[in-house]
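Open the structure in your viewer and keep the selection box ready. We will move from stop to stop, and at each one you pick something and look.

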Amino acid sequence: MPYYLSLAFKNIFRQKKRSFTLGVNYFVVAILMLLLLSFSDGVKKNFSGNLISAAAGHLTLSGAVVTKGKTLIGVADYPTIVKVIEAEYPDATVLARYKLTSTVYYLGQSKSLSFQGIDTAKDTALKDQLSFVAGSWDDYVAQNNGVLISKDTADYLKLKLDDEVVISTRTRFGAFNTGTIRVKGIYESANYFVQGIVLCHFGFLQALDLNDKLSASSLFVYFKNTDGLEAKREHLLGALADAGYVTSKPASSSDAISVVAAATPQYKVEGADVNEYRLTIATVNEVIAILAQVLDAVNAAGGFLAGIMLFIIAISIFINMRMTINDRMQEIGTLRAIGTETKDIVLMLIFENVFLSLLFVLAGLATALLIIAFVSNVLSLPPAGILSLFLDQGHLVLIPTLGSLSLILAVAFVFTGLFSFFPARHGGKVRAAVALSKTY
Amino acid sequence: MKFILTAGFGLLLLTFGPAAMAQDAGAEGTKLILDVQDKINTEALDLTSTFTLVQKKEGEADRVLRLKIFRRDTASKFTILFQYPDSEKGKGYYRDGDNLYLYLPSTREFVFRNRKDDVGSTDVRTDLFGKQDLLSQYTAKVVGSEKIAKFDTTVVQLDAKTLDVSFPIQKWYLNKANNLPVKVENYSASKTLLRTTYYVDFKEVAKGKFLFTKLLAKNNLEKNQSTLLSNDDIVVSKIPDYTFSQAFLEEQSR
């Protein structure tokens, strides 16, 4: 190790007050950046995890049936699609869902609610997302018109276990239909995508919507892992096209969200000769792309804040170094007189700052990790509304990755090196005789 | 021999009797509905009137809406302008055949709506304002007689030909004295009564042409929720063609 490196390290502690003042800035920036990046990674993971366990698959299929130019939303002949997918990917799990919005009438109160019909024999992952206040999953499974409702909905409509409720919906064809549901479970869930949903039986909702037994609202496809989703989607688009479907990919992130929501597309007049079964396949990455954009914006705002702090640090480095060089002119002169080269003087001055920054950045990162550990494990928040997007079991999800830690250290290293270089070069260029003759 | 003839006749009656009766009920129902439509559809007339809707909901203050209606049944068109309250002023509907548009002055846009839209979230539907063409969507049959208040009525059941209608089943209670509706019940596909409309009063606006002047629409699923509608200031003079256009709605909202 060159001698000037150890000298540079020792020099950090010569001007303790000055070093501390500069170091605090690094410390704060490190905490801020790690919390921000951990939050961003945590939300992404939590969001996609919750989404996949409740409201979307690794691939999600939605569709439309066009008959003589008239479009009805829904996936037609879904058992055929399931067969095609299972033939192409035997390890894949395909789940069919039926969704509709219906108004519930009870004791003079009415409320429009989102209903989701599931195949209770296959679609059991949702069970783990629910914590039952009353009733049970098994009671719900046992009764065809049995439903699970959220505690908030039950409180709003003053519903109790085993209450029978009339629901009215405008079916996909336009006609109103009514049915009677029986409350077989009241739940709470920390998963944002489950909250407020009324869980029904697939067949019950299909019949309520006056639809045929081969129709579904959407299909969720799950693979062993999320590797190569894009390629798998491309392959399935081809296989389903061969099976007679008009297949497509969502054109944008909002289209991808429409696929997951199985939402009605905008009004569009088709020619009377158009008769098609249409399918759109979205990957989970496309669905969360909008979230990623929002998080990128949040990160950019945080980065901007950190940038301002770094700019202040840059000015501090510059002033500090000029003062340090002036204070230590005799020392620099002596080093030059005993044969130390310009580049070694420059490197010594640069490394003084780099070591200082790394020291305080490491301290900042350690503190940030402690804060993250506290927030993730001890601090508990109520999982209500939009806040639950960020929570896992009531705790804020913050994921500090090795990448985030390395990034912050690298930024501190490069930034400090860069902004120390110019004043250091000025110090390094001073000739020995000039430096030794400087008196104050 | 007599026994065989009697048994044969009885068998014939049992086999074809119900079908023949059903055919009769269907023919009679169709005739009655055609007659009602002839009376309440006002082809050859332009109609202008003011509707006042009072929506009553349990536990809430009455909500009042006033609308100006321009109607031309010959062309299957109508224009509705919201006049009261101020929060709704400038809104309007324009119907041209099967196309119904809602104009929103706040965004200055026309929104394509289902022709069965509820007017201003009340229990009154837009299809009530225009020409009725029930037999293109329903098959009719007489299902009995009933007394509604002081009126003797014939009950005609309408069953939807396709599910592209709001109410797959309707029952029209027609006054035996003048064949005008006294009550209309709307049912869901699973035969739950959803809505009841009581036609309280009619006005003869031309010879053999009638327009309701008072109507009560009751929501049978929402407890104690109903909308009372009064139809006043009825004028039958010619309406300028421009009134039946989107541009007219935009102009009136300014």
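Select strands β4 and β9 of chain A, where β9 covers residues 198–201. The two strands run parallel, and four bridges join them. Keep in mind that this is a predicted model. Now pick Ile118(A). Which residue of β9(A) stands opposite Ile118(A)? The partner is His201(A).

Stay with β4(A) and add strand β3 of chain A. Select residues 93–106 for β3(A) and residues 109–118 for β4(A). These strands run antiparallel, joined by ten bridges. Click Thr101(A) to find Ser114(A) of β4(A) standing opposite. Next, go to the turn. The hairpin of β3(A) and β4(A) has two residues between the strands. There, Leu107(A) takes a positive phi near 45 degrees. In a regular strand, side chains alternate between the two faces of the sheet. Show side chains as you step along, and keep that rule in mind.

**Two more positive phi values**

Most residues other than glycine have a negative phi. Select Asp162(A), which is not a glycine but has a positive phi of about 75 degrees. Look for Asp162(A) in the loop between α5 (151–157) and β7 (164–170) of chain A. Is Asp162(A) buried or exposed? Asp162(A) is partly exposed, because 13 other C-beta atoms lie within 10 Å.

Jump to chain B and select Asn179(B). Its phi is near 60 degrees, again positive in a residue other than glycine. Asn179(B) sits in the loop between β9 (169–175) and β10 (181–187) of chain B. Asn179(B) counts as partly exposed, because it has 16 C-beta neighbours inside 10 Å.

**Around chain B**

Most peptide bonds are trans. Select Tyr84(B) and Pro85(B) for a cis one, with omega about 0 degrees. Pro85(B) lies in the loop between β3 (77–84) and β4 (92–96) of chain B.

Zoom out to the whole of chain B. Its secondary structure comes to two helices and 13 strands. Of the 254 residues in chain B, 29% are buried. Consider the contacts in chain B with a separation of 6 or more: 45% of them are between residues 24 or more positions apart.

Now show both chains. In chain B, 17 residues are in contact with 15 residues of chain A. On the chain B side, nine of the touching residues are nonpolar, four are polar and four are charged.

**Back to chain A: two helices**

Select helix α2 of chain A, residues 16–54, and find Asn50(A) in it. Asn50(A) counts as buried, because it has 23 C-beta neighbours inside 10 Å. Which residues does Asn50(A) touch, leaving out those up to four places away in sequence? They are Asn191(A), Tyr192(A) and Phe193(A). Then draw a distance from Asn50(A) to Ala410(A), C-alpha to C-alpha. The viewer should give 33 Å, for residues 360 apart along the chain.

Finish on helix α13 of chain A, residues 402–428. α13(A) has 27 residues and reaches 36 Å from its first C-alpha to its last, close to the 39 Å expected. Turn the helix until you can see Phe421(A). At Phe421(A), α13(A) bends by about 40 degrees, and Pro423(A) follows within four residues. Colour the buried residues of α13(A), including Ile408(A), Ala412(A), Phe415(A) and Phe419(A). An α-helix has 3.6 residues a turn, so residues three or four places apart point the same way.

Note on methods
Residues numbered from 1 in each chain as written. Chains lettered and ligands numbered in written order. Predicted model: local features only at pLDDT ≥ 70, side-chain atom pairs only at ≥ 80, totals over all residues. Expected span 1.5 Å × (residues − 1). Bend = angle between axes of the 7 residues up to and from the residue. Buried ≥ 20, exposed ≤ 12 C-beta atoms within 10 Å, placed from the backbone. Contact = placed C-beta atoms within 7 Å. Nonpolar A, V, L, I, M, F, W, Y, C, P; charged D, E, K, R; others polar. Pairing = 2+ DSSP bridges.
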